[in-house]
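I sat down to look up a few things in this structure and jotted notes as I went. The entries below follow the order in which I looked.

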Amino acid sequence: MGPLFKQQPKVTAPLRSVQRLSTKKKQDYFWAYLFIFPTLLGTVLFNLGPVLYTVYLSFTEWGAFGNSTWGGLVNYKKILNDPVFVSSLKNTLIFTVLSVPLSIALSTVVAQLLNQQIRGVSVYRTLFFLPVVTMPAAIGIVWRWLYNADFGIINYLLNLFHIKPVGWLIDGNIALYSIIVVAIWGAIGYNMVIILAGLQNISPQFYEAASIDGAGMFTKFFQITVPLLTPTLFFVTIISMINALQTFELIFMMIGPDSLVIRDTQTLVFMFYKEAFINNDKGYGSAISLVLFLMILILTIIQFKWQKKWVHYS
Amino acid sequence: MTAKSGKKSPAHYKTVIHLLLIIGSLFMVGPFIWMVLTAFKSLGESTQMPPVIFPARLRWENFTNLFDSLPFLTFYWNTFFMATGRTLGALVFCSMAAYAFARIEFPGKNVLFLLILSVLMIPSQSYVIPQYLIMVEFGWTNSLKALIIPALTSAFGTFLLRQFFLSMPRELDEAATIDGCNHLQIFVRILLPLAKPGLIALAIFQLLWSWNDLLWPLIVNNSPSKMPLAVGLASLQGQYGTNYPLLMAGSLLATLPMLILFIFLQRYFVQGIALSGTKG
Amino acid sequence: MKKLALFLMIFALVFVTACSSGGGTESGSNSGGGQESGANAGGTNTGGTDNSNEAKGAGNQPYPVTDKEVTLSYQFWDVNQQPAMQKIVDEFNKIYPNIKIQLEVIPWDQYWVNLEAAATGGTLPDIFWINATNFRLYALNNQLLPLKERIEKENYSTANFPEPLLDLYTIDGEQYGFPKDVDTIGLWYNKELFDQAGLEYPNENWTWDDLIENAKALTNPEKKVWGFAAHISQQTNWYNTVYQAGGYVLNEDRTKAGHADPKSIEGLKLFTDMIHVHKASPTIGQMTDTEPRVMFESGNVAMIFDGSWNQIRFRDNEYTADRVDVTYLPQGPAGRATIVHGLANVIAKNTKHPNEAWAFLKFLGSERAAEIQGETGTVLPSYDSAMELWVKSNPKFNLQIFVDSLEWGVGYPTTVQGRKAQQIETDIFTKAWAGEISIEEAAQQVAEGVQAILDEDNAKYK
């Protein structure tokens with residue numbers, strides 16, 4: 001080491017600053033790993049372990065109660081040839097593409113309205129929050145009644161205008177869209193809470209400055225609110241997308257495995273449920289959830305790369 | 001100048017907002033109102049099609065019957081414990097991790113974040129049985145530990161708070177560093193207080209999910225003394241049909257605390273405007 | 001990076017642990033596993049029909065019960081039956097005060113996932129309920145304690161259990177559980193609608209033709225009233241008519257699917273014709289929108305085939321309490337048939353206290369336990385002498401028909417992958433019910449699908 005050092009005397013000054021950086025970096029790393037340690041440990045222990053087991057299962061032909069035999073790619077080959085997989089995938093994508101943007105847009109408008117200094121705003125907020133605390137069974141019953149072809153309110157109203165009754169939940173062409181409406185309806189309460197929280201972070205000074213410049217309501221919304229809200233909106237977008245691609249409860253509640261339109265509304269997770277718990281083929285079910293996982297992962301990564309284009313962080 | 005900039009004067013503008021909100025609220029409250037009304041109906045009234053909207057009389061006995069058939073107080077207590085434990089844990093651990101991901105550069109950061117996030121991308125039912133096996137392995141079945149500890153680490157919470165931290169101005173961090181603060185101090189004294197709205201939002205959701213968590217408690221616990229509210233309600237849904245009045249009554253009782261909490265937490269959403277904002 | 005490696009090592013460890021514990025069906029937690037067959041097999045208790053008064057601690061019992069305090073877990077899904085179960089436990093404790101029974105109610109929707117997780121982890125409850133659709137899966141995978149030897153050694157009489165039900169829980173001569181209750185199917189009808197149409201109520205002489213004629217006469221589309229709900233569910237609907245027509249769903253030894261048999265198709269046709277030909281039933285779409293039973297409770301449907309278990313619901317519903325009654329299912333071309341089903345109480349194979357669990361199981365299967373169940377009217381007990389109590393519990397309904405129907409009862413036809421087979425039936429027959437394909441075509445497809453499952457099951461479980 002000696003001769004090398006002597007040959008490059010100019011290295012001494014930068015070397016000292018590298019050392020200083022290194023201490024700070026060491027500190028950084030220490031705090032960073034310490035802070036993420038509990039979450040990481042929990043994730044690895046309670047989530048990743050089981051998930052890896054699921055990966056393993058996807059390569060097996062499942063027997064009962066944990067007995068499985070290695071099957072290689074048999075489940076994945078089955079997926080490629082399964083028309084139900086294709087239709088489930090299609091339904092899932094339609095559902096996501098329609099429900100996510102619409103629900104985010106609506107929720108943002110609603111959150112903005114609920115962020116105004118008007119009388120009774122906390123009453124309104126509570127009312128909009130009610131769907132979030134309403135029991136899913138109750139939500140299912142009410143919506144199913146609304147949509148009921150013979151006795152439902154919607155068709156009753158249509159009848160007043162001499163429009164023929166529509167089979168909202170029993171017509172294969174319409175059922176999926178009927179459900180999307182319910183999904184959007186239900187998402188508003190959730191998203192509103194998050195977006196409201198995000199709105200609090202926007203300093204009123206920005207609005208004041210804009211008002212002085214003569215900006216109107218819409219200008220303020222699109223030039224100030226939305227850009228500063230983008231970190232929150234990014235979160236809502238990702239989470240909504242991840243949830244939408246995994247829709248199951250809604251389908252189960254509003255349609256159910258025995259309905260005649262299940263083939264038109266079945267989502268990928270529903271298909272997983274059917275294979276894993278009704279057909280008791282956990283191997284195949286695991287393969288399906290893994291394919292879905294990869295899809296979601298790729299879409300999420302794409303979204304993360306894209307965020308540079310539209311998300312403004314401080 | 002400001003009065004002329006918009007076509008509507010402030011009074012009209014507020015009226016429009018009220019109108020929109022009223023119409024919107026009506027859409028939102030339907031199922032909840034139905035839930036309340038049905039809680040007072042008789043069995044017959046609740047199953048009619050087309051539905052009977054108003055009960056002939058208010059059957060308060062639905063509520064008392066509920067306490068007779070199920071140990072509701074035990075359920076409340078268990079749920080309270082479980083929800084509080086999970087929420088506190090989530091608030092602490094998620095905010096810590098979120099801070100690290102938002103404010104510190106370290107090797108493997110993006111990969112680890114994606115790793116944590118990826119848990120959200122797999123339907124939980126697909127690995128619930130292996131999770132149970134781990135509980136068996138640890139000997140945690142039929143315990144409060146099993147209800148709380150696995151849920152302490154929320155990818156949702158970590159992601160949410162990360163976004164909040166990312167939107168805070170770096171000047172705050174830099175000022176504090178110059179003053180000689182380390183990460184812990186920056187985190188606890190400066191950024192965390194500013195993240196109150198986000199923390200509250202997270203608390204609301206975490207409480208909600210713990211409150212409604214059904215499948216996990218039923219897989220990991222068998223003894224009635226450990227069951228939470230959601231299980232109690234689920235037992236009212238029978239194999240061949242459900243006693244809807246009882247179920248809705250129970251659901252109301254279960255929901256009330258959450259609702260009260262939400263109303264109470266409202267103020268922090270308004271106060272947030274005063275708390276946040278750069279100082280100087 | 002080192003930290004990352006550490007984490008990877010941790011989760012690899014977890015992964016390996018999870019795999020190894022998930023592998024076995026019987027993880028080693030049985031300290032008291034296996035039967036402690038006593039030295040003297042000769043000593044038996046009462047050889048009569050009533051088994052509930054075994055003398056405790058009689059030293060010459062082949063399966064002696066301990067004197068120490070033990071706690072057993074008893075798991076089931078119906079919270080409405082909890083009071084009755086508690087009463088049974090209390091009476092059991094009069095004989096065996098040291099055996100504590102903890103009642104665990106797991107809601108129906110989660111019951112089977114919970115049970116599966118428990119079986120996979122080796123933590124099944126000591127005694128629990130099981131039904132026909134899931135029974136074979138557990139029995140053939142060695143999750144249940146076989147009972148034949150115990151029955152024989154103690155000369156326990158099973159004469160009071162309905163024969164088709166006992167057979168349902170027997171595999172190759174090995175008994176795995178005792179029936180707890182029994183259900184059969186009847187024809188529920190709305191008296192008011194019959195009165196309004198000036199028609200006589202259904203009676204035991206009805207044939208399919210009577211059903212069709214009356215259903216047509218009762219149908220009034222403007223008022224949204226239909227005569228009969230030709231629903232697609234198996235146990236309560238077309239399984240029954242398939243056998244009434246002389247067909248079959250599964251043959252005796254479960255090696256052949258009978259849906260495509262011409263006689264079976266006749267049984268299926270009763271339903272599809274009711275919808276498409278006689279127009280006396282709501283469509284499958286309408287029945288998807290609104291459950292047939294709800295239609296019945298609302299007066300929109302005059303007749304449905306449904307189970308004995310509904311009596312308690314119709315009794316408590318003030319709309320139906322006085323308006324409806326029940327009678328025998330109509331006779332088909334080959335005579336009478338009704339699907340018989342019932343739950344069984346079973347013991348987990350790896351229970352730590354097999355003798356104590358066996359003592360409780362016997363009590364559960366005793367006359368006294370059956371009486372307790374029958375009194376409340378919640379379920380029809382599967383014990384001859386106790387059935388009368390159930391019938392008497394509600395004189396407004398002609399409940400006797402359910403007991404009589406046992407005479408021509410057909411055991412619920414199912415196989416190991418029962419749910420899967422039924423889903424195939426539902427998925428394909430829905431198309432026929434909806435008029436998209438003919439019933440003959442559908443039956444052919446279903447038979448093929450179910451046959452494949454039967455073959456799979458028979459190959460796997462010799």
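**Entry 1: a term I need.** Before saying that a helix lies across strands at some angle, I have to fix what the angle is: axes are lines fitted to C-alpha atoms, and angles run from 0 to 180 degrees between N-to-C directions. I also remind myself that this is a predicted model. With that settled, I looked at helix H2 of chain C, residues 82-95, and found that it lies across strand S1 (70-76) and S2 of chain C. Its direction is at about 175 degrees to S2(C). By the angle rule, over 145 counts as roughly antiparallel.

**Entry 2: the sheet under that helix.** I wanted to know in what order the strands of this open sheet in chain C come. I read S2-S1-S3-S12-S6, five strands with mixed pairing. Which strands stand at the edges? They are strand S2 (99-105) and strand S6 (177-179) of chain C; each has a single partner strand, so one side of each is left without a neighbour in the sheet. From one strand to the next I get an average twist of 25 degrees.

I then picked one pair inside the sheet. Strand S3 (residues 127-130) and strand S12 (residues 344-347) of chain C pair in the antiparallel sense, and four bridges hold the count. I followed C:Phe128 over to S12(C), where its bridge partner is C:Val346.

A second helix turned up on these strands. Helix H14 of chain C, residues 354-364, lies across S1, S2, S3, S6 and S12 of chain C. I note its angle to S12(C) as about 170 degrees.

**Entry 3: another sheet in chain C.** Here I found an open sheet of four strands, in the order S8-S9-S7-S10, again with mixed pairing. Strand S8 (226-228) and strand S10 (324-327) of chain C are at its edges with a single partner strand each, so each has one side without a neighbour in the sheet. The twist from one strand to the next averages 30 degrees.

How many bridges join S7 and S9 of chain C? I count five between strand S7 (residues 185-190) and strand S9 (residues 301-307), and the two run antiparallel. In this pair C:Gly186 stands opposite C:Asp306 of S9(C). Helix H9 (residues 234-244) of chain C lies across S7 and S9, and I get about 90 degrees between H9 and S9(C).

**Entry 4: over to chain B.** I counted 15 helices and zero strands in chain B. I also looked up its extent: the C-alpha trace spans about 70 × 65 × 30 Å along its principal axes. Its radius of gyration is 24 Å, whereas a compact globule of 280 residues would have one near 19 Å.

**Entry 5: two helix pairs.** My plan for each pair is plain: two packed helices are described by the angle between their axes and the distance between the axes.

In chain B, I took helix H10 (residues 170-178) and helix H11 (residues 183-194), whose axes come within 10 Å and cross at roughly 125 degrees. That makes H10(B) oblique to H11(B). The crossing is right-handed. Where they meet, H10(B) brings B:Leu172, B:Asp173 and B:Ala176, and H11(B) brings B:Gln185, B:Ile186 and B:Ile190. I sorted this contact by class and got four nonpolar, one polar and one charged residues.

In chain A, helix H4 (residues 83-113) packs with helix H8 (residues 175-200) at about 40 degrees, and the axes are 7 Å apart. That makes H4(A) oblique to H8(A). H4(A) also passes H8(A) in a right-handed crossing. The contact has 18 nonpolar, six polar and no charged residues.

**Entry 6: what touches chain A.** I started with chain B: 84 of its residues are in contact with 77 residues of chain A. Which helix gives the most to the chain B side? Helix H2 (residues 10-39) of chain B does, with 14 residues. I sorted the chain B side into 56 nonpolar, 25 polar and three charged residues.

Then I turned to chain C, which puts 30 residues into its contact with 28 residues of chain A. Helices H1 (2-23), H3 (108-121), H11 (284-289) and H18 (418-433) of chain C each give two or more residues to that side. H1(C) has the largest share, 10 residues. By class, I noted 12 nonpolar, 13 polar and five charged residues on the chain C side.

Conventions
Residues are numbered from 1 along each chain as its sequence is written. Chains are lettered from A and ligands numbered from 1 in the order in which they are written. This is a predicted model: local features need pLDDT of at least 70, side-chain atom pairs count only at pLDDT 80 or more; totals for chains, interfaces and linings use all residues. Two residues are in contact if their C-beta atoms, placed from the backbone, lie within 7 Å. Ala, Val, Leu, Ile, Met, Phe, Trp, Tyr, Cys and Pro count as nonpolar, Asp, Glu, Lys and Arg as charged, and the others, Gly among them, as polar. Two strands pair if DSSP finds at least two bridges between them. Angles under 35 degrees count as roughly parallel, over 145 as roughly antiparallel, 65 to 115 as roughly perpendicular and the rest as oblique. A crossing is left-handed if the near helix is turned anticlockwise from the far one by less than a right angle, and right-handed if clockwise. The radius of gyration is taken over C-alpha atoms; the globule rule is 2.2 Å times the number of residues to the power 0.38.
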